[in-house]
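Biologist: I have a structure up on my screen and I'd like a close look at one part of it. Could you walk me through that part, and then out to what surrounds it?

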2 protein chains.
Amino acid sequence: MIYPQLEQYLRRQTTIDDASLLKVTSKFKPLKTKRNEILCSIGQVCKHFYFINEGCLRLYEIDDKGNEVTGFFALEDSIMSAVPSFILQKPSRDFLVSLTPSDLLVITKDNFLKLTETVPPFREVYNKFMEFAFIHSQMRIYSFLGMEGIDKLRWVMEHEPKLLNRVSSKAVASYLGMTNSTLSKLRAQL
Amino acid sequence: MIYPQLEQYLRRQTTIDDASLLKVTSKFKPLKTKRNEILCSIGQVCKHFYFINEGCLRLYEIDDKGNEVTGFFALEDSIMSAVPSFILQKPSRDFLVSLTPSDLLVITKDNFLKLTETVPPFREVYNKFMEFAFIHSQMRIYSFLGMEGIDKLRWVMEHEPKLLNRVSSKAVASYLGMTNSTLSKLRAQL
DNA sequence: CATAAAAGTTGTCATATGACAACGTTTTCA
DNA sequence: TGAAAACGTTGTCATATGACAACTTTTATG
C-alpha cells in the first residue's frame with residue numbers, strides 16, 4: 001500500500017484487482033502545496049490530475065469585470081484538475097489553486113490518458129468523476145439560476161456544509177455568484 | 001448502414017471497427033416524437049438514452065416558486081438523456097421533453113451499460129459526452145453567475161446562436177435564469 | 001511581536017430585475 | 001375554421017443586490 005487513501009478511493013469507485021491497482025497508483029507522485037499555491041495558471045495548458053489526500057482545491061475564473069467566479073471546489077478523497085484545459089489541452093481560462101496547505105498526489109496527463117486506455121477500471125473511475133462533476137454542476141445551475149441570495153446560502157448550508165467551514169467567505173461568495181458584502185449581509189439575516 | 005447519422009456521430013467521436021459499430025447501432029430503435037412529448041417525467045426513473053437525428057430535446061426542472069429552469073438543450077447529432085436520473089437510477093427531478101417533433105434513436109439503460117462495458121470505443125464516446133456536458137455546464141456557471149442579463153443574452157447569441165432560432169423565448173429565458181418579460185425587454189434594448 | 005495586508009462587516013445609494021397586469025399576436029386542435 | 005390557450009410585449013412598481021466607502025477584525029510575514 002503505497003498510497004492507502006488513493007487505493008481506498010479507487011476501490012470505492014470500482015472493482016479493481018491488485019495488479020491494476022498497482023499499475024495505477026505507481027504513476028502518482030506525492031506533492032505538498034502551500035496556501036494559495038497555483039497548480040495551473042490562466043493561459044497554461046494543464047498537464048496534471050490531482051488526488052487530494054488532505055486539503056482543498058479551488059477552480060476559478062476572473063470575469064470581464066475583474067471579479068472571481070468559482071467553478072468548483074474539491075476536498076480530500078477526491079480527484080481534481082483544471083478540467084476544461086486538461087481535457088481540451090488548450091490554455092486554461094481557470095486558476096487551479098490549493099486554498100489551504102494540501103497533501104496531494106499528482107499524475108501527468110500522458111500517464112493518466114494511458115491508464116484510461118489500458119486499465120478499464122481506471123477509465124470507469126474517470127467516467128464516474130465526470131458524471132459526478134456534471135451532476136454537481138447541473139445542481140448548481142438549477143439551484144442558483146432562479147434562487148435569491150438567501151436561498152442560495154441556505155442551499156449550500158444544506159448540501160455542502162463542509163464548504164462553509166473550510167473556505168473563506170470571499171470564496172464562498174464567488175461560488176454563490178454574489179459579492180462579498182452581500183453574502184455578509186445575508187449571513188447577518190441568518 | 002442502418003442509422004447513418006448515428007454511425008457518423010460515433011465515428012466522429014472515436015475510432016471504431018465495423019463489427020463494434022454494428023454491435024452498438026443494432027441496440028438502438030427509431031422513435032418519432034411530437035411537439036412537447038415527455039420522454040421522462042418528474043418522479044420517473046429514466047431508463048433510456050437518446051440520439052437525436054432531427055429535433056430538439058430539453059431538460060428542465062420546476063423550482064420552488066413553480067418556475068421552470070432549463071438545465072440543458074440538445075440538438076441534432078448529439079446524445080441526451082435525463083442524465084442525473086439515468087446515472088443514479090433514482091426518480092428524476094427533471095422533465096426530458098422534445099421541444100419540437102423529433103426523430104430520435106433510443107437505447108435502453110441495460111443495453112447502454114452493457115455496451116459501455118463490452119465495447120471500449122463506446123465507453124469512450126460516453127465519456128466524451130460527459131466531458132462535454134461538464135465543460136458546458138461550467139461555462140454556463142462562469143457566464144451566468146456574475147453577468148447581468150444583457151450580457152447573458154449576448155453570451156448565448158455568440159456561443160449558441162442556433163438556440164435562439166430553434167427555441168421559444170420562454171425556454172431561452174428559463175435557460176438564462178430570467179423571466180420572460182425581462183428577456184423581452186432586454187431583446188428590445190438590442 | 002509588530003506591522004502591513006487581507007478579509008469581513010456595515011451603511012448608503014443606485015439600479016437591474018422580478019412580480020404583476022393589460023394587451024396584442026400566434027399557435028393549437030377540436 | 002373558430003375558440004381558447006399559450007406566447008410575447010410593454011408598462012408600473014417594489015425590492016434584492018451591486019458599487020462604493022469606512023471601519024474593524026483576522027491573518028500573514030519579516
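Which residues does F51(A) touch, leaving out those up to four places away in sequence?

Modeller: Bear in mind as we go that this is a predicted model. Leaving aside residues up to four places away in sequence, F51(A) touches L6(A), Y9(A), F28(A), I79(A), L104(A) and L105(A). Now zoom out to the core. The largest nonpolar core has 110 residues, and F51(A) is among those with the most contacts inside it. The others in that group are Y50(A), L96(A), Y50(B), F51(B) and L96(B).

Hop over to chain B for the strands. There, β3(B) covers residues 48-54, and two bridges join it to β6(B), the two running antiparallel. In that pairing F51(B) stands opposite I79(B) of β6(B). Both strands belong to an open sheet of four, in the order β1-β8-β3-β6, with antiparallel pairing. At the edges sit β1 (29-33) and β6 (79-80) of chain B, each pairing on one side only. As background, strands of a sheet pair through backbone hydrogen bonds, either parallel or antiparallel.

Back in chain A, have a look at T108(A), which lies in strand β8, residues 102-108. T108(A) touches K47(A) and H48(A), again not counting residues up to four places away in sequence. T108(A) and H48(A) are 60 residues apart along the chain, yet their C-alpha atoms are separated by 4.5 Å. T108(A) counts as partly exposed because it has 14 other C-beta atoms within 10 Å, and a residue needs 20 or more to be buried and 12 or fewer to be exposed.

While you're in the loops, two residues have backbone angles to look at. N36(A) has a positive phi of about 60° although it isn't a glycine. You'll find N36(A) in the loop between β1 (29-33) and β2 (37-40) of chain A. With 12 C-beta neighbours inside 10 Å, N36(A) counts as exposed. In chain B, Q89(B) isn't a glycine either, and has a positive phi of about 50°. Q89(B) sits in the loop between α3 and β7 (95-98) of chain B, and is exposed, with 10 other C-beta atoms within 10 Å.

Next, how the chains meet. On the chain B side 26 residues are in contact with 25 residues of chain A. The elements giving two or more residues to that side of chain B are β5 (68-75), α3 (83-88) and α5 (120-146). Of these, α5(B) gives the most, with 16 residues. By class, the side of chain B that touches chain A has 13 nonpolar, seven polar and six charged residues.

How do the two copies relate? Chain B can be laid on chain A with an RMSD of 0.0 Å, using a turn of 180° and a shift of 0.0 Å along the axis. That's the relation of a two-fold axis. If you want to place that axis on your screen, look for F134(B): in chain B its C-alpha is the nearest to the axis, at 2.2 Å. The same surface serves both copies, as 96% of the contact residues of chain B recur in chain A.

Finally, the DNA. Around strand C there are 18 residues, and the closest are S169(A), K170(A), S181(A), G149(B) and T182(B). Two or more residues of that surface come from each of α8 (169-176) and α9 (180-188) of chain A, along with α6 (149-159) and α9 (180-189) of chain B. The most come from α9(A), with six residues. The surface near DNA strand C has three nonpolar, nine polar and six charged residues.

Then turn to DNA strand D. Of the 18 residues around it, G149(A), T182(A), S169(B), K170(B) and S181(B) come nearest. At least two residues of that surface are supplied by each of α6 (149-159) and α9 of chain A and α8 (169-176) and α9 of chain B. Here α9(B) has the largest share, six residues. The surface near DNA strand D divides into three nonpolar, nine polar and six charged residues.

Terms used. Residues numbered from 1 in each chain as written. Chains lettered and ligands numbered in written order. Predicted model: local features only at pLDDT ≥ 70, side-chain atom pairs only at ≥ 80, totals over all residues. Contact = placed C-beta atoms within 7 Å. Nonpolar A, V, L, I, M, F, W, Y, C, P; charged D, E, K, R; others polar. Pairing = 2+ DSSP bridges. Near = placed C-beta within 6 Å. Least-squares fit on C-alpha atoms with pLDDT ≥ 70 in both. Core = buried A, V, L, I, M, F, W, Y, C linked by C-beta atoms within 7 Å.
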